[in-house]
Each structure stands twice: as C-alpha cells, then as structure tokens.
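Trainee: Got a minute to go through this one with me?
Mentor: Yes, put it up.

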Amino acid sequence: MPAPGRLAAMLVATLASWLAAAAPARADFVVCNRSFDVVNLAVGRDPGGGFRTDGWWTIGTNQCARVIKGALQNRFVYLYATDVFGKPLLDGRTEMCVGAAKFSISGIGDCWQRGTIAARFHEVDTHSAESWTFFLRQPGAGAGTGASPAGSGLQDTAAPKAAKP
C-alpha cells in the first residue's frame, strides 16, 4: 500500500485530470447567477462596426448562461441585469438601449426616440482575456467586486477562465 502522502498526491492528480477532462476549456463569456433571484440579463458589446445590445437571457438561481459564444473580441462587455419585477441588480454607468421583449439593437444612443428603453449597463473589464465568467451575487453577500479565481464567491465578481494550453 502506498504511503499516505503519496496516496494523497495520486488522488489529487487523478481528480485534477478528471476535472480537466470533464470540463474542456471554452472561449466564451458566461454569466452565473449566485443570487436568490431569477435574473433577466441583457448584454452590450462592440462586435465591430459599433455597439450592439442583445437580450434577454433568463438565468435561474445557481444557473449559468453562455451569453457570448467564442473568443472575446473586446476588452469590455456590458451587462444589465434585473429581477423579475424589473428592478436593476447591477450598478451601471454606461447608457445603452434595451427592448421590452427579445431584442438585438444596433447603436446605443437616442433610445427613447428609436422606441427602445434606456438602461444603465455595468461595465465588465475582461482584461482582454479570451474567456470570462461573471458571477452575480446577492447584494451584501461578498467582500466586494473585482477579478478573482472562478468559484471564489465574491459579490458581483468576474474571473478569467483558464486558457487552453
């Protein structure tokens, strides 16, 4: 029988390889809802040729949604999240347009004049990573905001995913 230290090292190595095989790295922007509310989410970004907003994704408690598929092309992604009653859940400073139902809107100005709704989006700095996971937490449930390892549980935290080797 292997020594206890060696056995533990073998178990850790086996677990690490199993986790790596079970969850292959993907280049996406993912939002995980760690709040107690069902969240309605809109996303703003510049896919090239001007800003665009898209929505809505409905994300249940302890659920995640892949809102941008593929490698991120921009350093900044903008999020607007509300509870089921329409109350905004993120502090935002960047005004962009949203629709009342499913939407894809080009441009971010003159929302009211174009028949859309002006909303203040929260800016997420991905630090030019190809993949990013944003964790939305219940207000007051964590230690603040910022970049952190995935699963750390900080309020409104975001974390880069590990890149493929």
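Mentor: Disulfides come up next, then model confidence.

Mentor: This is a predicted model, where local features need pLDDT of at least 70, side-chain atom pairs count only at pLDDT 80 or more, and totals for chains, interfaces and linings use all residues. Residues are numbered from 1 along each chain as its sequence is written, and side-chain values use heavy atoms, with hydrogens and water left out.

Trainee: How many disulfides are there in the whole structure?
Mentor: Two, a disulfide being a pair of cysteine sulfur atoms within 2.5 Å.

Trainee: What does Cys32 pair with?
Mentor: Cys64, with S to S at 2.0 Å. The link is right-handed, with 105° about the S-S bond.

Trainee: Is Cys32 buried or exposed?
Mentor: Cys32 is buried at 4% relative accessible area, whereas Cys64 is partly exposed at 41%. Buried means under 20%, exposed over 50%, partly exposed in between, with a 1.4 Å probe and protein chains only.

Trainee: And which cysteine is joined to Cys97?
Mentor: Cys111, also with S to S at 2.0 Å. That link is left-handed, at -90° about the S-S bond. Cys97 is buried at 0%, and Cys111 is buried at 3%.

Trainee: New topic. What is the mean pLDDT of the chain?
Mentor: It is 79, and 68% of the residues reach 70 or more. pLDDT is the predictor's confidence in each residue, from 0 to 100.

Trainee: Where does pLDDT stay under 50?
Mentor: Residues 14–23 are one such stretch, with zero contacts beyond four places in sequence; contact means heavy atoms within 4.5 Å. Residues 142–157 are also below 50, but have 39 contacts beyond near neighbours in sequence. Where pLDDT is low, the predicted coordinates should not be read in detail.
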